[in-house]
Amino acid sequence: MTEATHQKFMATAIALSLEAMRSGRGGPYGAVVVKDGEIVGQGMNEVTSMNDPTAHAEMTAIRQACERVGSWQLAGCELYTSCEPCPMCLGAIYWARLDKIYYGNTKEVAAQFGFNSQYFYDEVAKPRDQRQLPMQLLMPEAAVTAFEEWNNQPNKQSY
């Protein structure tokens, strides 16, 4: 793709970020998923309007793209997002197998405006017993049975 094409897709993501904020749907974030030069998914931040903490622009764009292409895998697709993805979105991007991320703002710029995802990056990097949110292992012997059963299924689809 040409630089002008990349800029066109980023401009769409930025326009979605402005729409999200101006319409009161959520924070100033927008994203598009592109496959073969065509937008197959787009999203804007709708956390506050949907009362859904996972309704980040990247997440909604990935959901729409997966539905449109009929697969949970988005290999061959690229993401254009108005800001560097948070850890949750980054995890979804890796799980979806996207090929590349283009972003308009860094997480440091977002933090200057009150959107500080660095806390989450830091928390995830800590050992479980040092995280601010307490975590406790409970019933591992019972919980592992689902994995054991999964492992024995001949028709399982690995991801």
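On a 1 Å grid over the protein atoms alone, a pocket is an open set of points where a 1.4 Å probe fits, with protein on both sides within 12 Å along at least five of seven lines, and lining residues have an atom within 4 Å of a point. A volume is the space filled by probe spheres set on the points, which are joined across faces, edges and corners.

The model is predicted, so that local features need pLDDT of at least 70 and side-chain atom pairs count only at pLDDT 80 or more, whereas totals for chains, interfaces and linings use all residues. Residues are numbered from 1 along each chain as its sequence is written, and side-chain values use heavy atoms, with hydrogens and water left out.

**Exercise 1. Describe the largest pocket and its lining.**

Step 1: the volume of the largest pocket is about 480 Å³.
Step 2: the lining has 23 residues, and Tyr-29, His-56, Cys-86, Ser-117 and Phe-120 are the closest to the centre.
Step 3: at least two lining residues come from each of α2 (47-50), α4, α5 (107-112) and α6 (118-125), and α4 gives the most, with three residues; helices here are DSSP runs of H or I with at least four residues, strands are runs of E with at least two, and both are numbered from the N terminus.
Step 4: by class, the lining holds 13 nonpolar, seven polar and three charged residues, where Ala, Val, Leu, Ile, Met, Phe, Trp, Tyr, Cys and Pro count as nonpolar, Asp, Glu, Lys and Arg as charged, and the others, Gly among them, as polar.

**Exercise 2. Do the equivalent for the second largest pocket.**

Step 1: this pocket encloses about 220 Å³ of space.
Step 2: its lining consists of 13 residues, and Ser-17, Pro-28, Ser-82, Asn-105 and Phe-113 lie nearest the centre.
Step 3: the largest share, four residues, comes from α1.
Step 4: the lining divides into ten nonpolar, three polar and no charged residues.

**Exercise 3. Determine how α3 and α4 pack.**

Step 1: helix α3 (residues 57-69) and helix α4 (residues 87-96) meet at an angle of about 25°, with axes 9 Å apart; axes are lines fitted to C-alpha atoms over the stretch in contact, and angles run from 0 to 180 degrees between N-to-C directions.
Step 2: the two helices are therefore roughly parallel to each other, a term for angles under 35 degrees.
Step 3: the contact (heavy atoms within 4.5 Å) involves Glu-58, Met-59 and Ile-62 of α3 together with Met-88, Cys-89, Ala-92, Ile-93 and Ala-96 of α4.
Step 4: seven of these residues are nonpolar, none is polar and one is charged.

Note on methods:
Angles under 35 degrees count as roughly parallel, over 145 as roughly antiparallel, 65 to 115 as roughly perpendicular and the rest as oblique.
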